[in-house]
Amino acid sequence: MGAEEDMTDISVQRLRKAYGDIEVIHGIDLTIERGEFVALVGPSGCGKSTLLRMIAGLEIISGGDLLIDGIRMNDVPPKDRDIAMVFQSYALYPHMTVAENMAFSLRLRKVPKSEQETKVKETARILGLDHLLARYPKELSGGQRQRVAMGRAIVRDPKVFLFDEPLSNLDAKLRVHTRGEIKALHQRLDTTTVYVTHDQIEAMTMADRIVVMNGGRIEQVGTPLELYDQPANVFVAGFLGSPAMNFVPGKYEQSSGLFRIQNGPAINLGIKRWNFDGDSILGIRPEEFRLNGELSVTLELVEPTGADTHIVFRWGDVPSTAVFHDRVVAQPGQKISLGLSGNVHLFDPRTTNRVF
């Protein structure tokens, strides 16, 4: 394998961003391989869009290095980075047709007209826009406009696609449909893609790897299932998954395998034995509960969703949620018995890191 094939596409090294004395990106490191689809996720204000804009050249880098194809990009203008960005707002020119909007960047680069037409037609065919090329943006639906914005990026055939919450303005049904289109498009084009979203379901279903950010730092990087099954800490565990993981404070006894819930009962974790004693937080995903176990709980809320039933109950002072694929016929105030699968986690309350 040659050096070109070994080269990573994007390398972020000790990257920092500050506005005056306020630092918002705190020296992060990240490597994105060629052809990867990487999602940046985290709560509002975590720095994910700022990082994306630094990669695009729309934010000045305060410290560290950004390399694309091994070339330092810190001071390279956006137009020379060979990157195409799709924003949350479609930013289409209202006086131009779909074809003219898609060809606009090619026209600026003085690409021959015949080549412009070929690229626009091929891209329109991929995106299912070929019957809309003569229309104007006002004649399109929101989903069609977003596809035109994507098409405008694709015709450039860039090294990197950057998406900044592109589905936020779409309704729920169209969002699901369009995220499938973007994933299929990536599989077809195999272009390195960095995708910012606050929606962890989008990230889980679309990305090869997910970068979880919090407070301008990276909490964990991994495949969707690595992060879901082996979260590094309470923050990652709570951010990924819907409904979120339950966190139950208490004490774990290694000798007995009991977890004593704070102001609540003791849970026998069975054959699970952790080399840990004392104050801890038990992490249980809602789907890890089963009906008809040894634990008696009182229901506070029953939420049938059709395919699943969500129930809310309280252990000690902490409300917890369980999800069942069965139809649970029960009423608030009623007692039911639950059990646990073996797939639960233990977190250190001092560091919030996962112990086991």
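In the predicted model, the side chain of K183 lies over the face of F37, at 5.5 Å from the ring centre. The ring of F37 also takes part in a wider aromatic arrangement, since ring pairs link F37, F161, F163 and Y195 into a cluster. A second contact between a charge and a ring involves R285, whose charged end sits over the ring of Y228, 3.8 Å from the centre of that ring.

Aromatic pairs number eleven in the structure. One of them is formed by Y93 and F104, whose ring centres are 4.8 Å apart and whose planes make an angle of 55 degrees, a geometry that counts as tilted. Y93 belongs to the loop between β6 (83-86) and α3 (98-108), whereas F104 belongs to helix α3, so the pair ties together parts that are eleven residues apart in sequence. The two partners fall into separate classes of solvent accessibility: Y93 counts as partly exposed because its relative accessibility is 34%, while F104, at 18% relative accessibility, lies under the 20% cut-off and therefore counts as buried.

A further aromatic pair, formed by F313 and W315, is edge-to-face, with 5.3 Å from centre to centre and 70 degrees between the planes. For this pair, burial applies to each partner, F313 having a relative accessibility of 0% and W315 a relative accessible area of 3%.

These local features are set within a fold that contains nine helices and 19 strands, and the C-alpha trace of the protein spans about 75 × 45 × 45 Å along its principal axes. Of the 356 residues in the protein, 49% are buried. When contacts between residues at least 6 apart in sequence are considered, 65% of them join residues that are at least 24 apart.

The accessible surface of the protein amounts to about 17,000 Å², and carbon and sulfur atoms account for 51% of this area. With regard to charge, the protein carries 41 positive and 45 negative side chains, and the centres of these two sets lie 4 Å apart. The positive residues discussed above, K183 over F37 and R285 over Y228, thus complete the description of charged and aromatic side chains given here.

How values were computed. Residues numbered from 1 in each chain as written. Predicted model: local features only at pLDDT ≥ 70, side-chain atom pairs only at ≥ 80, totals over all residues. Heavy atoms only, no water. Helix = DSSP H or I, 4+ residues; strand = E, 2+ residues; numbered from the N terminus. Buried < 20%, exposed > 50% of the residue type's maximum accessible area, 1.4 Å probe, protein only. Contact = heavy atoms within 4.5 Å. Areas by Shrake-Rupley, 256 points an atom, 1.4 Å probe, with all protein chains shown as cover. Lys, Arg positive; Asp, Glu negative; His and termini not counted. Charge placed at Lys NZ, Arg CZ, Asp CG, Glu CD. Phe/Tyr/Trp six-rings, centres within 6.5 Å; stacked < 30°, edge-to-face > 60°. Lys NZ or Arg CZ within 6 Å of the ring centre and 35° of its normal.
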